[in-house]
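Thanks for coming. I will walk through one structure, a few residues at a time, starting inside and ending at the surface.

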Amino acid sequence: YTSVHLKERPTDAIIAGKTFESKQQSLPSASSLKDGEVLFQTLYLSLDPAMRGWLNPTRSYIPPVKIGAVMRGSGIGLIVASKSKKFPVGTYASGMCGWSEYAVLPEKEVELLDLPHGAVPTDALGCLGMTGLTAYFGITEVGQVKAGDFVVVSGAAGATGSVVGQIAKLKGATVLGLAGEDSKVAWLKEELGFDEALNYKDPQFKDKFRAATKGLIDVYFDNVGGEILDMALARAKPFARFVMCGAISEYNNKKAQGPSNYLMIISMRIRMQGFIVFDYADKYAAARKELAQWLLEGKLKRKETIIKGGITNAESALVGLFEGKNSGKTLVEVAKP
Ligand code: NDP
């Protein structure tokens, strides 16, 4: 079977054929599994901008991927051999399978795919998985969104941003979304019910952003950092909440740039808070329940970008996130269920 390994740490963008390499491995036999282990066949792999950060040899919320190791990643799959009572052969599950067609995983790293009514299996990696939970806790707990707030979300047509805006609407906020394509802008306004959306690549974007934020921002949910963060700081209301979720515009830079407009944090008494979704693990179940209910009622809509052609396409799919090739959640179909 094929697995994809980190070959060389990139200093800026991931370079196809240089950063990762694929290897052929022989499938472990069922008898070689230890007690509590399962053999997981990956069906869908989640692609996340954070993966770029995991390639840097720096201190972070999670250790870097080691050179030569299978690239880290989460997926959904099928248990094809098992020495675990909890996960018999034939069970569908999610787990940290890495960029690999098969993985031997300890049962504590595997979770049963418990799909609520109205969900599709890949939702476990998207709107009911890590990105949905990030949106949920980011906008409710960190952003403390409330009715009447004016919320601006960057990366708004992506997996996280699209859910953030919809939750903010459900909570009674007015929402402006920012995305990099006119078709994404149309999707946000026409299908997801955002009050306004702008294409940040539009030559008139700065003027349009100023006009759209004349009432000033209560909550800014940041997925991208960079210049857009500076523009949002310039339009912050006193005591605005800045939810620092991600900064994809800076991930490829050796030295990420902070905002140059940072004095606004002081003058406007902004509360700017970073967060990592793992901090809310003890509340995942309750959040998933609420997200699933919204999904079932049609109040939460989702889109997926599924890259076909197997695990060796994970690299280009990851690069694609940095080029805005996706709408909604990006997945690689590793094997057909
Ligand atoms: P997305 O589905 O949002 O994909 C990334 C999107 O970012 C692209 O579709 C692209 O859309 C946009 N983008 C790419 N480059 C730039 C750029 N230079 N400037 C502005 N926008 C850009 O990914 P996720 O939903 O998985 O992740 C969104 C953010 O949330 C990331 O920053 C990620 O690291 C962060 N995150 C944080 C977590 C946490 O616990 N704190 C957990 C999960 C994600 P466009 O066409 O609009 O440019």
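One definition before the first residue: buried means under 20% relative accessible area, and a salt bridge needs a side-chain nitrogen of Lys or Arg within 4 Å of a carboxyl oxygen of Asp or Glu. Please also keep in mind that this is a predicted model.

Start with Asp222, which sits in strand β11, residues 217-222. Asp222 is buried, yet it has no salt bridge. Where is the nearest side chain of opposite charge? That is Arg271, and it is 14 Å away. With a salt bridge requiring a distance within 4 Å, Arg271 is therefore out of range for Asp222. What the side chain of Asp222 does have is a polar contact, at 3.0 Å, with the side chain of Ser154. Ser154 also appears among the residues in contact with Asp222 once neighbours within four places in sequence are set aside. The others there are Leu229, Val243, Met244, Cys245 and Gly246.

A second residue to look at is Thr42, in strand β3, residues 37-46. Its relative accessible area is 0%, so Thr42 counts as buried. A polar atom of the Thr42 side chain lies 2.7 Å from the backbone oxygen of Ser100. Leaving out residues up to four places away in sequence, Thr42 touches Ser100 along with Ile76, Gly77, Cys97, Glu101, Tyr102, Val334 and Ala335.

Now the cores. In soluble globular proteins, nonpolar side chains tend to be buried together. Here the largest nonpolar core has 40 residues, and Ile139, Val151, Leu188 and Leu291 have the most contacts inside it. Several elements each supply at least two residues of this core, namely helices α2 (130-142), α3, α4 (182-190) and α8 (284-296), and strands β8 (150-153), β9 (174-179) and β11. Take Leu188 as an example. Not counting residues up to four places away in sequence, Leu188 touches Ala156, Ala157, Gly177, Ala179, Gly193, Phe194 and Ala197. There is also a second, separate core of 29 residues, which includes Ala93, Cys97, Ala317 and Leu321. Cys97 came up a moment ago, as one of the residues touched by Thr42.

Next, one of the helices that supply the largest core, α3. Helix α3 covers residues 159-170, which is 12 residues. How far does α3 reach from its first C-alpha to its last? The span is 17 Å, close to the 16 Å expected at 1.5 Å a residue. Of the 12 residues in α3, 10 are buried, so the helix is largely enclosed by the rest of the structure. Those buried residues are Ala159, Thr160, Gly161, Ser162, Val163, Val164, Gly165, Gln166, Ile167 and Ala168. Just after α3, Gly172 takes a positive phi of about 90°.

Positive phi also turns up in residues that are not glycine. Leu216 has a phi of about 70° and lies in the loop between α5 (205-212) and β11. At 27% relative accessibility, Leu216 is partly exposed. Arg269 has a phi near 50° and is found in the loop between α7 (263-267) and β13 (271-274). Arg269 is partly exposed as well, with a relative accessible area of 44%.

That leaves the salt bridges. How many are there? The count comes to 16. In one of them, the side chains of Arg288 and Glu111 meet at 3.4 Å, N to O. This pair links distant parts of the chain, with Arg288 in helix α8 and Glu111 in strand β7 (residues 110-112), 177 residues apart. Arg288 is partly exposed at 26%, and Glu111 is partly exposed at 42%.

Another joins Lys299 and Glu297, whose closest N and O atoms are 2.8 Å apart. Lys299 has a relative accessible area of 43% and Glu297 has 40%; each counts as partly exposed. Glu323 and Lys325 form a further salt bridge, at 3.0 Å between the closest N and O atoms. Here Glu323 is partly exposed at 45%, whereas Lys325 is exposed at 64%. Finally, Lys146, Asp149 and Arg241 are linked in a network of salt bridges.

I will stop there and take questions.

Notes
Residues numbered from 1 in each chain as written. Predicted model: local features only at pLDDT ≥ 70, side-chain atom pairs only at ≥ 80, totals over all residues. Heavy atoms only, no water. Helix = DSSP H or I, 4+ residues; strand = E, 2+ residues; numbered from the N terminus. Buried < 20%, exposed > 50% of the residue type's maximum accessible area, 1.4 Å probe, protein only. Lys, Arg positive; Asp, Glu negative; His and termini not counted. Polar contact = N/O pair within 3.5 Å; in protein donor to acceptor, adjacent residues only side chain to side chain. Contact = heavy atoms within 4.5 Å. Expected span 1.5 Å × (residues − 1). Core = buried A, V, L, I, M, F, W, Y, C linked by side-chain atoms within 4.5 Å.
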